[in-house]
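I opened the notebook today to record what I looked up in this structure, one topic at a time.

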Amino acid sequence: MLLYSNRSHSRLVCQITGSVVFGDWRQILTGLFLAAEAAGLHYLIDTEHSLAPNIPNSYGLQTLGMVVAFAIVFRVNLAWQRYWEALTSVHCMYSKWGDAFMQFSTFCACDLAKLKSKPARAVEMDEKISALETAYSECQKYFSILSAMAANEIHHGDVQEMDVRMHEGTRSSQVTRARSMHQMQELNFTKRTPRLEEGHSSGQFVKDSCFETRYVVKKLPSPAEHGAIEVSSDPVHLSMTWIVKTLTMVQKVLSTPPPIQSRMYQELSNGYVHFTNVKKISDVPFPFNYAQLLAIMLTIFSAMLPVYVAAFTHSYIAGPLLTFMVFHSITCINALAEILENPFGQDLDDISLVDFHLRFLEVMEVTVAALDVSLHPDEYLTQSSSARRVLREEGIDRVPTSANGGESLPIFSAAPEQPVVTM
């Protein structure tokens, strides 16, 4: 979506990128054509030509204009509700899943720290450590896959599919029932398995394509898991199942009481509820009959507008200018509603799900780093410039670390300290 400052009026007026006012050149040409038509009709009225319109009052146009204005404003209101509900649900979805990952990671990391801190470990403890480490790693993989599958499913919903068919499909396939569309798999241009790549959140980028999107995950699925994703009709539910299985496998290994562990499952479930709410908006378009009726009324209003303006303005300047402004304003508001109705499309104001996936990966990485810092602070004291500065002010030159068997490490053994900027 576009971010901007509303304090610069001149910048808002002159902005072209992402604008509905200057974005569609066909709409502008149509407005200029209607303005020229208004000027021509005014010339016919001045010359008292037999084809000159003779309209005693403007009641008809005023009535039609009120109906069209009300219908468009009502459509914009409904479109904004769809957009805001979609954005809220996406935020809540990733928030719940991030909370579930944080809780499970904390439970695993704390138990691992406790088990590894014991001087003498039995074979049973080593098995617990291995089980926790495996579950910790698998959890990072499955949560990143869940985020990628959810973002892909939402972005490639039925509404976006119909937008693609408008450019790529046949005319008969551009208006169809949902049941018929899902039965014709050969026409599903966007129903493709996303391309997954293993890496860091910094490797994720946004590609302006509705056909293919690359998602970075913490670890690639196994060949069997990748095959299951390709044949599955609901890869998000499949990823959720893998996560729940991973949590259940180590449920008895964790020292956290089961009532507290149940919070993880609850947050996963809440996130899935918000996902289904987003899918509802992604799959269910604005009512076709309302959109068709409004399109017909706009066409009639636009055709009659130059006639009425020429009959009641009696000006070669005010008539064409008023015709263009009224037509362009109404069509721009209608175009705004069309953009908001599909919040996951390719417009600049649409919600970027790839960006949400990137932020979720960053949340996972921050969670892992936070646990690492809290459980192994001695290893970070020799790497953090801010920590070295605090210890230097306290007169401490070396810090003991358990990683080297109790040996002290110099505070300044890492890279040179970066300058500290005071805000």
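I began with the lining of the second largest pocket, to which helix H11 gives the most, with four residues. I note that this is a predicted model, so every value below is computed from predicted coordinates. Helix H11 spans residues 318-341, and both it and helix H1, residues 9-14, supply at least two residues each to that lining.

I then looked up the volume of the second largest pocket, which comes to about 580 Å³. Of the 19 residues lining the second largest pocket, I wrote down those closest to its centre, namely Leu2, Leu12, Gly18, Ser19 and Asp349. Sorted by class, I have 12 nonpolar, five polar and two charged residues in this lining.

Next I turned to the packing of two helices, H3 (residues 59-117) and H4 (residues 123-155), whose axes lie 9 Å apart at an angle of about 165 degrees. Angles over 145 degrees count as roughly antiparallel, and I therefore entered H3 and H4 as roughly antiparallel to each other. I recorded the crossing of H3 past H4 as left-handed. For the contact of H3 with H4, I listed 20 nonpolar, three polar and four charged residues.

Last, I checked one residue of helix H4, Ser147: is Ser147 buried or exposed? I found a relative accessible area of 0% for Ser147, and since buried means under 20%, Ser147 is buried. I also looked up the separation between the C-alpha atoms of Ser147 and Gly98, which is 9.9 Å, although these two residues are 49 residues apart along the chain.

How values were computed. Residues are numbered from 1 along each chain as its sequence is written. This is a predicted model: local features need pLDDT of at least 70, side-chain atom pairs count only at pLDDT 80 or more; totals for chains, interfaces and linings use all residues. Side-chain values use heavy atoms; hydrogens and water are left out. Axes are lines fitted to C-alpha atoms, for helices over the stretch in contact, and angles run from 0 to 180 degrees between N-to-C directions. Angles under 35 degrees count as roughly parallel, over 145 as roughly antiparallel, 65 to 115 as roughly perpendicular and the rest as oblique. A crossing is left-handed if the near helix is turned anticlockwise from the far one by less than a right angle, and right-handed if clockwise. Ala, Val, Leu, Ile, Met, Phe, Trp, Tyr, Cys and Pro count as nonpolar, Asp, Glu, Lys and Arg as charged, and the others, Gly among them, as polar. On a 1 Å grid over the protein atoms alone, a cavity is a set of points where a 1.4 Å probe fits but cannot get out, and a pocket is an open set with protein on both sides within 12 Å along at least five of seven lines; lining residues have an atom within 4 Å of a point. Grid points are joined across faces, edges and corners, and a volume is the space filled by probe spheres set on the points. Buried means under 20% relative accessible area, exposed over 50%, partly exposed in between (1.4 Å probe, protein chains only).
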